[in-house]
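Let's take a friendly walk through this model, one question at a time. Have the sequence and the 3D view ready.

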Amino acid sequence: MKKQLLVLLIALFIGFGANAQTKSSETNVLVLIYSQNGGTYKMAKAIAEGIQEYPNTKATLKRVPSINSKEKLNAEVEKLPVATIEELANYDGIAFGSPVHFANISADMNYFFSQSIPLWTSRALEGKPATVFMSAGSGAGKEAAILSFWNILASHGMVIVPTGIMGTATLDKTVPQGNTPFGATALTGSTGTRPSQSELNLAKEQGKALARVTAGLKNTENIKSVKTTSAETKTDINKTLKDNNIVLPEAPKPVGNYVPFTISDHKVYINQVALKDGKILNPGKVGATVTEDQAKEATYQTMLNVIAVLKEACGGDLNKVKQCVQLTGYFNTTPEYTQHAGLMNSASNLTALVFGEKGKHARATIGAVSLPINSAVEIQAIFEIE
Ligand SMILES: Cc1cc2nc3c(=O)[nH]c(=O)nc-3n(C[C@H](O)[C@H](O)[C@H](O)COP(=O)(O)O)c2cc1C
């Protein structure tokens, strides 16, 4: 009997401990919208309200940039902070909101996602919960529009949270409402009286549902990362390269009185520019003669060169890499340019993709007035090897 009591006390203690641990870390959910006239924004506020009703959960409301910078947005929408594509990886869950445009999502939201390739290849959004809500005019094509948004989220491996029949018990069925089993919508028409209270209630329920799933999955994160780490220690880097169609270039040869790498105390030191087939890829100044997409391509190529040199330093076996310690990216930019971090993500994401947990590194990015042979980028890398 005494023994049973002891077991019960231990179980209670462990249960209490686990609970206390869960409560200590806040769940962060992003509500990310595009909205021109404010319909999607009103739905977003209801979604955020639902999210915040869930214990220990914070909702952050942001918008994506407009493709057309001259476009006049609703005044309150205009004031929202603008999200970057990279920051999506920092949230535990995301609610996406867009107007219905020709039974599809808005071009602005679509363009935002067209920049998500680095997140996609590094699987940064995989397993994160996501949900979609929309604002429509008549509602024509609203469900098709949500489903077309789902295609993007599924491609990123996100866990999609639908609305099912939630909220229908309190729905005012005397007028058409924007309820769908996929996500809440508002039939804003041109009356200015929508979203209706029923639509806002539904959006709030959807927010709560997303928060519940997000909080639940967040608690499995540690388990997930433990599993990933142990699996990755066995991962063959050559297989990772092959599976991801990454072909390493020939390591560039030095053009002066120096060596392509040095090794000191198990650390390999490497510096590379954007050389490809003996020529600099996309040379010039970012913000003037080189576009951001070109600079990202050059950064990716530079990191490929770094890894090629690293392979030589490891005697041909990249499995000897223990850790990417630090990456420093120098970018040839105009003085007013500030988006260095976004460019450098091409190198960081490639490193994470190739080396997994061992690819996690400290990082610095710097703007430069010029770089050797007019390269748009130079990367300094430090790796630890066996
Ligand atoms: C280019 C364009 C296409 C649209 N296509 C549709 C449509 O297919 N179905 C619909 O119900 N409303 C459509 N609308 C109306 C918008 O979805 C509606 O005005 C919505 O509330 C806008 O959201 P916002 O207030 O957040 O900007 C369209 C509007 C525009 C500008």
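Helices (H or I, at least four residues) and strands (E, at least two) are DSSP runs, numbered from the N terminus. Please keep in mind that this is a predicted model.

Q: Where is the place of asparagine 56?
A: Start from the two elements that flank this residue, helix 2 and strand 2, the latter covering 57–63. Asparagine 56 belongs to neither of them, and its place is in the loop between helix 2 and strand 2.

Q: Is asparagine 56 buried, exposed or partly exposed?
A: A residue is buried if 20 or more other C-beta atoms lie within 10 Å of its own, and exposed if 12 or fewer do. Asparagine 56 has 13 other C-beta atoms within 10 Å, so it counts as partly exposed.

Q: What is phi of asparagine 56 near?
A: Most residues other than glycine have a negative phi. Asparagine 56 is a residue other than glycine with a positive value. Its phi is near 60°.

Q: Is asparagine 245 buried or exposed?
A: This asparagine sits in the loop between helix 9 (237–243) and strand 7 (261–264). Its phi is also positive, near 55°. Because asparagine 245 has 6 C-beta neighbours inside 10 Å, it counts as exposed.

Q: Which residue does a cis peptide bond join to arginine 194?
A: Most peptide bonds are trans. Here omega is about 5°, and the bond is cis. The partner lies in the loop between strand 6 (185–187) and helix 7 (197–218). The residue joined to arginine 194 is proline 195.

Q: How many helices and strands does the protein have?
A: With the elements numbered from the N terminus, both kinds can be counted along the chain. The totals are 11 helices and 13 strands.

Q: At what angle do helix 2 and helix 7 pack?
A: Two packed helices are described by the angle between their axes and the distance between the axes. For helix 2 and helix 7, the axes are 7 Å apart. The angle is about 45°.

Q: Why is helix 2 called oblique to helix 7?
A: Angles under 35 degrees count as roughly parallel and 65 to 115 as roughly perpendicular. The angle of helix 2 with helix 7 is about 45°. That is why helix 2 is described, relative to helix 7, as oblique.

Q: How many charged residues does the contact of helix 2 with helix 7 have?
A: Helix 2 contributes residues including Met43, Ile47, Glu49 and Glu53, while those from helix 7 include Leu200, Lys204, Glu205 and Lys208. The crossing of these two helices is right-handed. By class, their contact has 9 nonpolar and 3 polar residues, and the number of charged ones is 5.

Q: What is the handedness of the crossing of helix 10 and helix 11?
A: Helix 10 (residues 292–313) and helix 11 (residues 340–355) pack at an angle of about 40°, with axes 7 Å apart. The two helices are therefore oblique to each other. Their crossing is right-handed.

Q: Which elements give two or more residues to the shell around the ligand?
A: The ligand is surrounded by 19 residues, and the closest are Ser35, Gly39, Thr40, Pro99 and Gly137. The elements that give two or more residues to this shell are helix 2 (39–53) and strand 4 (129–136).

Q: How many charged residues does the shell around the ligand have?
A: By class, the shell has 6 nonpolar and 13 polar residues. The number of charged residues is none.

Q: Is leucine 327 buried or exposed?
A: Leucine 327 is found in strand 11 (residues 321–332). Beyond its sequence neighbours up to four places away, it touches residues including Ala347, Thr351 and Ile379. Because 23 C-beta neighbours lie inside 10 Å, leucine 327 counts as buried.

Q: What distance separates the C-alpha atoms of leucine 327 and histidine 361?
A: Along the chain, these two are 34 residues apart. In space, their C-alpha atoms are separated by 6.8 Å.

Q: Is phenylalanine 383 buried or exposed?
A: Phenylalanine 383 is placed in strand 13 (residues 377–385). Leaving aside neighbours within four places in sequence, its contacts include Val268, Leu310 and Val325. Since 31 other C-beta atoms lie within 10 Å, phenylalanine 383 is buried.

Terms used: Residues numbered from 1 in each chain as written. Predicted model: local features only at pLDDT ≥ 70, side-chain atom pairs only at ≥ 80, totals over all residues. Axes fitted to C-alpha atoms, helices over the stretch in contact; angles between N-to-C directions. Parallel < 35°, antiparallel > 145°, perpendicular 65-115°, else oblique. Left-handed = near helix turned anticlockwise from the far one by under 90°. Near = placed C-beta within 6 Å. Nonpolar A, V, L, I, M, F, W, Y, C, P; charged D, E, K, R; others polar. Contact = placed C-beta atoms within 7 Å.
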